[in-house]
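Good morning, and thank you for coming. I shall present two regions of one structure, and I ask you to follow them on the screen.

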Protein chains: 2
Amino acid sequence: MDEFELDERKTKILDAIIRNYLETGEPVGSRTISKYTDLNLSSATIRNEMADLEEQGYILQPHTSAGRIPSDKGYRFYVDHLMEEKNREVSEMKNFVIEHTEKMDQVLQQVAKILAANTNYATMVTAPTYHKNKVKFIQLSNMNEEQILATIVTEGNLVKNKIIPVNGEIDNETMLKLNFLLNANLNGLALQEINLGTIAKLKEQAGIHSAIISDVLDTVAETMGQEDDIRIYTSGATNFFKYPELSDSEKASELISTFEEKQQLASLVTENLLDEENTGIQVYIGNESPIQTMRDCSVVTATYELGEGVRGTIGIVGPKRMDYEKVMDNLKTLKNSLDGILDKKKEET
Amino acid sequence: MDEFELDERKTKILDAIIRNYLETGEPVGSRTISKYTDLNLSSATIRNEMADLEEQGYILQPHTSAGRIPSDKGYRFYVDHLMEEKNREVSEMKNFVIEHTEKMDQVLQQVAKILAANTNYATMVTAPTYHKNKVKFIQLSNMNEEQILATIVTEGNLVKNKIIPVNGEIDNETMLKLNFLLNANLNGLALQEINLGTIAKLKEQAGIHSAIISDVLDTVAETMGQEDDIRIYTSGATNFFKYPELSDSEKASELISTFEEKQQLASLVTENLLDEENTGIQVYIGNESPIQTMRDCSVVTATYELGEGVRGTIGIVGPKRMDYEKVMDNLKTLKNSLDGILDKKKEET
DNA sequence: TGTTAGCACTCCACAACAACGAGTGCTAAC
DNA sequence: GTTAGCACTCGTTGTTGTGGAGTGCTAACA
C-alpha cells in the first residue's frame, strides 16, 4: 500500500520531481520544485520533504551536492498512481495495418519503425504466434517423380510448405486418397489434439505411404509449434544514443547487441503470451526486467491478439525516464487497432 | 600503373607503415619504421621517403607533428599489390552449411554470426536470389467455398503461397483443368519469358476464371521478381565500437542504423549480383563504397552461387585499417564452401 | 509546530595552464 | 645518398582553481 506512505504534499512534490526529470534528464533541485509547483513553498521546505522522500526510497541523490533523481520505486509509484492516461488517436496506423494484413512481416517491421520514430525509443514487435491454432487445410501434390509438395494452412492463415522426397511417382488416385485421409483426420484439430492414437490410425490407413504421413506430421508440428523461432522485428536501436545515461559506448553496445541478437528479446515476450489472462500492458522498470542488460532501462510491452489465440507482443525499450504516458498511450492505441483484426476482416467481406 | 611510381624501397616502407597501422590504429612515425623494417635506415632517411610518399598521395598526416596514416590510395595499393593471400581452411563452416541447407534463413544468420565473431567486424549475408529462375510447379487447390490456395514452386525450390478469394466453390473438374492449364503453359518459363501473349492465351482458355489466373500470375511475379525484398542477415554491428576511429557515438550510430535498416545495405549487393561476369571478391575502400555512411570504412563483399543463377552476397564492413588478408581469406573459403552446394547435394543423393 | 531565510559546506563541471613527448622538417656534416 | 642534431609543432595528459548548483543545518519567525 505504497500510496498511504505519502501525504498529498509529498505526492505532489514527488510527481513534480519525476516529471521534471523526465523532461530534462538532469537531477532536479529544491529550488526548481519550489517554482515548478503551485504549492507556494520555499526551497527549504521542499528540501525537508525531499529528505523524507529519499529516506522512504522514492528518490536518490547521485552525489552529495546534486539534486534528486527518481529511484525505481519512485518510477513505479509514478506509473501506478501519478501518471495520467491519455487516449489519443493513432488512426493512420490502424488503417495502415488493416490494409496490408497479407504481408505481415513487412507490416510488423513498419509498425516497429513508425513506433520508434514516434517515440524516440527502441522498439520490438513479435510476429503473431498461433496458440491454440488449428489445422485448416492440407494439400499434397505431385511435383515430379522424386518429390511431392506438402502445403499446410492453419486457421490463422499461416501457410507452410515442405518438399518431401519419394521413390517413384505416386499415382493420382493414391494422392487423392492421402489428401482425403489427412484432411478428414486432422482438419479442425489443434496441435495438442493430434495424439498418438490419431497418428497411428493415420499411418495404418496410409499403408505403404506412412513415411509420407510422418513427414507431413513433422511439418504440421513445425508450423504450429512456433516456440523455437519467434520472429522479432526491431527498430530504433540507435535511439539509445539520444539519452546520455545510456549512450556511453559500453552500455549502448550491450543494448544494441541485445536488439541485434533478437532472440534474446524473446524472454520479454514468452511469459506474457502464454498467460491467458494477460491482455493489458506491462511495465518493467530497471531490474524488474528479465533481461540483465536492460537494468538501466524501462521496458513497456503490450500483448495484441489479432484473433482467437493469435497473439503477439509490441515492446518499447528506453531510459527509465521515458515518457511513460506517451509510450503507454501509443501502445494502447496500437493494441486496440490490432486486436481482433482478423475477425473484423471477416465481417467486412 | 601505380606500381611503377614506387621503387622497391618506397614500397617496403609503405608496406611497413600500413601493416603497422593495421595493427595499432595509431599514426606511425619514422623511428618506428626505421626499427620495424630490415632496411637498416635511420629515421631521418625514412622521413625523407615518407615526405615523398605523402606527396604522391599514399599516406596522410593527421596533423603536423603526428606520424603518418595510409590514405585510401595507400590502402588500395596495399590490397592490390602488397597483401599476401593466405588460403586457410574454414572447413567447419562448410560442413555446417551443407548439413542444414533446408533452413536457409537460420543458416545464413548463423554464417553472419560466425563470420562476425571470427573477424570482429560487422557482417551481412544476403539470402540467395533466384536470377534466371524458372517456374517448376504450380498447384491450385480448393480450401473452402470462399478461398483457393495457390502454391508456386521455382527451380530453386523457393515456394510461395497465396490465398485467393473466390465466389462459390469451384468444382474439381474445373480445378484440374486450371491446374493443367497453368502448368502446361508456365512450367520451365523464366519471369521474362512470360509475356503478354502467354498471359492472353491463358486467360482466354480459363474463360470465366481468368480473374484467378491474374491472381496467380501476380504471385508468380512476386515469387520470382525478388528485387523489392532482398533478405539480408546481419551480425556484429556493435563491433564498430571496437575501433576508436569509428566508435564516437555519431559515426557508430549512423553505421549501426545502416545495419539495422537492412534495406540500405542492398545497394552493396545489387550491382554485383546482376553482373554475370563477377565471380570474385570486391573491395570498397572509403569513398569507393556506394553507401555514404561508410565513407570511413572499408567493405569487402563476395558473391556466392549456390547453383546455376542462384546467387547471394556476403559482406564485411570494418574500419579502413581492417585486416584485409584475414577478411579476404575468410570470404574466399566461405565462398568456396557455398559455391555449387545445390549441385553437390544433387550428386550426393 | 511548521515554515523560511541565511549560511557554510560539498562536489561536480569546466576552463586555463603547464609539462611532456612523439614526431616533424631542415641543416650541416659525413 | 645517408645520418646526426636541433628547433619547432601540436596533441595529450595532468594540475589547479574558480563558479555554481545544491545541500544540510541552524536560528528566527508566524
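I begin with the second largest pocket, whose lining receives at least two residues from each of four elements: β5 (135–142) and α7 (172–186) of chain A, and β5 (135–142) and α7 (172–186) of chain B. Please bear in mind that this is a predicted model. Which element gives the largest share of that lining? It is α7(A), with seven residues.

The volume of this pocket is about 920 Å³. Its lining comprises 30 residues, and those closest to the centre are A:Gln139, A:Leu176, B:Gln139, B:Leu176 and B:Asn179. By character, the lining residues are 14 nonpolar, 14 polar and two charged.

I now turn to DNA strand D. There are 21 residues around this strand, of which A:Ser30, A:Arg68, B:Arg9, B:Thr45 and B:Ser65 come nearest. They divide into 13 polar, four nonpolar and four charged residues.

Which parts of the DNA strand face these residues? Of the strand D atoms within 4 Å of the protein, 79% belong to sugar or phosphate, and the rest belong to bases. Individual contacts illustrate both kinds. A polar side-chain atom of A:Ser30 lies 2.7 Å from a phosphate oxygen of strand D. For B:Ser42, a backbone N or O atom lies 3.0 Å from a phosphate oxygen. B:Ser65, by contrast, places a polar side-chain atom 3.0 Å from a base oxygen.

Two elements give two or more residues to this surface, namely α3 (43–55) of chain A and α3 (43–55) of chain B. Of these, α3(B) gives the most, with four residues.

Conventions. Residues numbered from 1 in each chain as written. Chains lettered and ligands numbered in written order. Predicted model: local features only at pLDDT ≥ 70, side-chain atom pairs only at ≥ 80, totals over all residues. Heavy atoms only, no water. Near = heavy atom within 4 Å. Polar contact = N/O pair within 3.5 Å; in protein donor to acceptor, adjacent residues only side chain to side chain. Nonpolar A, V, L, I, M, F, W, Y, C, P; charged D, E, K, R; others polar. 1 Å grid on protein atoms, 1.4 Å probe; cavity = no way out; pocket = protein on both sides within 12 Å on 5 of 7 lines; lining within 4 Å. Points joined across faces, edges and corners; volume = space filled by probe spheres on them.
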